[in-house]
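Grab your viewer and work through these exercises one at a time. Try each task yourself before reading the solution under it.

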Amino acid sequence: MKSLRSGKVVTLVSNVIKWFNWKKVVLLLLGIIILSVGTTNLYGYFTERKIVNGVVSKNLSDKGMPVGMTMFAPEDTVYFTAKGNKFWVKKAEVVWYKGEIKRENRIHVEKNVVLNKEGYFTAKLPASKGLVEGRYGVTIYVEGSDFMQTRTEFDVIK
């Protein structure tokens, strides 16, 4: 009687294994994993910042890279440089502020700032009569967007 039961169990397990197609299950799980990883990476690619690493400097190299990042005096020229992070972003808008970064403190808005060959957006703070001593800020937006991509603050001292 006992061997008869064990024979039925073995037959039952054998039939379940034959019925259960392991190849299809493995391919299905692999497909789900690949789809999940791909979706996560695409979401990150489209939602992360499109312009990064904004810095201010006194000079620019021949390639448009910042040189001389230090404190600023009223007679210095101030450049803002930020790295383009996505291939489709070609134009940006740079906004300069005197004091805290708020809409009412805007002193200059530069539109149509174009990405250079090295992949950087570069803008110059216009100050023909020199800068007033104090705290300044600069932000950058993708052209046509209201979402700030990066910001930098700096001081002008005598």
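**Exercise 1. Find which residues are linked into a cluster by ring pairs in this predicted model.**

*Solution.*
- Step 1: Start with the membership. The cluster joined by ring pairs is made up of Phe 72, Phe 80, Trp 96, Tyr 136 and Phe 154.
- Step 2: Count the pairs. Taking rings as paired if their centres lie within 6.5 Å, you should get four aromatic pairs.
- Step 3: Look at Phe 72 and Phe 154. Their centres are 5.3 Å apart with 65° between the planes, an edge-to-face pair. Planes over 60 degrees apart earn that label.
- Step 4: Place both partners in the chain. Phe 72 sits in the loop between strand 3 (66-67) and strand 4, while Phe 154 belongs to strand 9 (residues 148-156), so this pair ties together parts 82 residues apart in sequence.
- Step 5: Check burial, for which the cut-off is under 20% relative accessible area. Phe 72 comes in at 3%, so it's buried. Phe 154 has 5%, so it's buried too.
- Step 6: Now take Tyr 136 with Phe 154. This pair is stacked, at 5.5 Å centre to centre and 10° between the planes. Tyr 136 is in strand 8 (residues 134-142) and Phe 154 in strand 9, so the pair links distant parts of the chain, 18 residues apart. Tyr 136 is buried, just like Phe 154.

**Exercise 2. Work out which lysines lie over tyrosine rings.**

*Solution.*
- Step 1: Go back to Tyr 136. Lys 98 lies over its face, 5.1 Å from the ring centre.
- Step 2: Then try Tyr 120. Here the charged end of Lys 83 sits over the ring, 5.1 Å from the centre.

**Exercise 3. Sort out the strand order in the open sheet of three strands.**

*Solution.*
- Step 1: Read off the order, which is 1-4-7, with antiparallel pairing. In general, strands of a sheet pair through backbone hydrogen bonds.
- Step 2: Take one side of strand 4 (residues 79-84). Strand 4 pairs with strand 1 in the antiparallel sense over five bridges, and Gly 84 is the bridge partner of Ile 51.
- Step 3: Take the pairing with strand 7. Strands 4 and 7 also run antiparallel over five bridges, with Phe 80 standing opposite Ala 123 of strand 7.
- Step 4: Name the edges. Strand 1 and strand 7 (120-124) each pair on one side only, so they are the edge strands.
- Step 5: Ask how enclosed strand 1 (residues 51-57) is. Five of its seven residues are buried, so the rest of the structure largely encloses it.

**Exercise 4. Describe the backbone and exposure of Asn 112.**

*Solution.*
- Step 1: Check phi. Asn 112 isn't a glycine, yet its phi is positive, about 60°.
- Step 2: Locate it. Asn 112 lies in strand 6 (residues 106-114).
- Step 3: Check exposure. With a relative accessible area of 44%, Asn 112 is partly exposed.

**Exercise 5. Zoom out and summarise the whole protein chain.**

*Solution.*
- Step 1: List the elements. There are two helices and nine strands, running α-α-β-β-β-β-β-β-β-β-β from the N terminus.
- Step 2: Add burial. Of the 158 residues, 29% count as buried.
- Step 3: Add contact range. Among contacts between residues at least 6 apart in sequence, 60% join residues at least 24 apart.
- Step 4: Finish with the surface. The accessible surface is about 11000 Å², and 61% of that belongs to carbon and sulfur atoms.

How values were computed. Residues numbered from 1 in each chain as written. Predicted model: local features only at pLDDT ≥ 70, side-chain atom pairs only at ≥ 80, totals over all residues. Heavy atoms only, no water. Buried < 20%, exposed > 50% of the residue type's maximum accessible area, 1.4 Å probe, protein only. Helix = DSSP H or I, 4+ residues; strand = E, 2+ residues; numbered from the N terminus. Pairing = 2+ DSSP bridges. Phe/Tyr/Trp six-rings, centres within 6.5 Å; stacked < 30°, edge-to-face > 60°. Lys NZ or Arg CZ within 6 Å of the ring centre and 35° of its normal. Contact = heavy atoms within 4.5 Å. Areas by Shrake-Rupley, 256 points an atom, 1.4 Å probe, with all protein chains shown as cover.
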